[in-house]
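Got your viewer open? Here is a guided tour, one selection at a time.

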Amino acid sequence: MTESKLGWAVPLMRAGYIGKGLVYLAVAGISLYSIWRGGSAQDTSSALGWLDTTWGGGVLLFVIFIGMLAYALWRVLDAAFDLEDYGSDAKGIVARIGMLVTGAIHLGIGATVFPLLFGGGSGDGSGEGSSIPGHVRTVMEWPGGRWLIGAAAVLIIGAGVHYMRQGWTNEYRQHLRANPVTTRWNPVLKAGLIAHGVVVGVVGLLFGFAAWQANPQQAGGTGEAFSWLSGQVYGQILVTGVCLGLLGFALFCFVNAAYRIVPKVSGPDVQTLAAKLMPR
């Protein structure tokens, strides 16, 4: 398939980032509301289940569902055809494998949304907190299962560090068009990407604890990451700050939906945000 025939992948990318942005907007917004009411931050399943009980929530869930499917397909195409030009060296191969992993994760979020939309979902958002340890327990029962969970932990932590590094070093600017929107909101985009990296990294740590202690209950997703952070010094302040950061990450996703550069299908004369903000 020639690069010129892959332009249709860009609308998939845009739909995927819109869905992803809505997921993090729901998680961060509902978590902040819960904290304000004296509760705790919510996991992804709880946030999606809460949407299912609200007026217009079904429409948002449908958009999220389509977005998750689009994002997963986009990542497969991106990895297969190297649309973002990461290359075929060791670093590029790792990046492209990471795309497949993130695609699978978001396909899993789509699977969480499906029963809420089409029946069989409880709408109480209890799925993530109970399902992840169950899946981890199943894998641990395999020969070498603890090693597999440990390897998954390393990959997840690596992804978290990657996101934090992209934010800290401003590498993400190379993938965005320079325009008034991306320039004006750049500090928020930076903070959002770093906050996302923190949450992903903590999820990886939880998987590591599960593998080390042979206790699948130690593993978890977003909600368990929030719980772990809340148990640290100034934990409630820390969780609140991370949730505010995730609002920034939701904006980061929406901005990517509109202005992300896909090198192999974009024009050659596109100015990146990195070039625009380069010190002179």
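**Stop 1: Val10**

Start by selecting Val10, which is buried (under 20% relative accessible area, with a 1.4 Å probe and protein chains only), since its relative accessible area is 14%. You'll find Val10 in helix H1; helices here are DSSP runs of H or I with at least four residues, strands are runs of E with at least two, and both are numbered from the N terminus.

Before you click on, note that this is a predicted model, where local features need pLDDT of at least 70, side-chain atom pairs count only at pLDDT 80 or more, and totals for chains, interfaces and linings use all residues. Residues are numbered from 1 along each chain as its sequence is written, and side-chain values use heavy atoms, with hydrogens and water left out.

Now show what surrounds Val10. Leaving aside neighbours within four places in sequence, Val10 is in contact (heavy atoms within 4.5 Å) with Val262 and Val265. Try a distance too: Val10 and Asp78 are 68 residues apart in sequence, and their C-alpha atoms are 9.9 Å apart in space.

**Stop 2: further along H1**

Stay in helix H1 and pick Leu32. Which residues does Leu32 contact, leaving aside its neighbours within four places in sequence? They are Thr240, Cys243, Leu244 and Leu247. Val203 is 171 residues from Leu32 in sequence, and the two are 19 Å apart, C-alpha to C-alpha.

**Stop 3: aromatic rings**

Two rings are described by the distance of their centres and the angle of their planes. Rings of Phe, Tyr and Trp (its six-membered ring) pair if their centres lie within 6.5 Å; planes under 30 degrees apart are stacked, over 60 edge-to-face, and the rest tilted. By this rule there are eight aromatic pairs.

Select Tyr24 and Phe249: their ring centres are 4.9 Å apart and the planes are at 85 degrees, so this pair is edge-to-face. Tyr24 belongs to helix H1 (residues 9-36) and Phe249 to helix H10 (residues 235-259), so the pair links parts of the chain 225 residues apart. Both Tyr24 and Phe249 are buried.

Next, try Phe65 and Phe114, whose ring centres are 5.8 Å apart with planes at 50 degrees, so this pair is tilted. Phe65 sits in helix H3 and Phe114 in helix H4 (residues 90-118), 49 residues apart. Phe65 is buried, with a relative accessible area of 12%. Phe114, at 42%, is partly exposed (that is, between the buried cut-off and the exposed one, which is over 50%).

To see a cluster, select Tyr24, Tyr172, Phe249 and Phe252 together, as ring pairs link them. Then look at Trp168: the charged end of Lys190 sits over its ring, 5.9 Å from the centre. (For that, NZ of Lys or CZ of Arg must be within 6 Å of the ring centre and within 35 degrees of the ring normal.)

**Stop 4: helices that meet**

Two packed helices are described by the angle between their axes and the distance between the axes. Axes are lines fitted to C-alpha atoms, for helices over the stretch in contact, and angles run from 0 to 180 degrees between N-to-C directions.

Colour H2 (residues 44-52) and H3 (residues 57-81): their axes come within 7 Å and cross at roughly 135 degrees. H2 and H3 are therefore oblique to each other; angles under 35 degrees count as roughly parallel, over 145 as roughly antiparallel, 65 to 115 as roughly perpendicular, and the rest as oblique. Leu48, Leu51 and Asp52 of H2 make the contact with Gly57, Gly58, Leu60, Leu61 and Ile64 of H3.

Move on to helix H8 (residues 186-213) and H9, which pack at about 90 degrees with their axes 9 Å apart. H8 and H9 are therefore roughly perpendicular. Among the residues that meet are Val199 and Phe209 in H8, and Trp228 and Leu229 in H9.

**Stop 5: loops**

Most residues other than glycine have a negative phi. Asn170, though not a glycine, has a positive phi of about 65 degrees. Look for Asn170 in the loop between helix H6 (145-168) and helix H7 (180-184).

Finish at Tyr234, in the loop between helix H9 (222-230) and H10. Phi of Tyr234 is also positive, near 55 degrees. Is Tyr234 buried or exposed? Tyr234 is exposed, with a relative accessible area of 65%.
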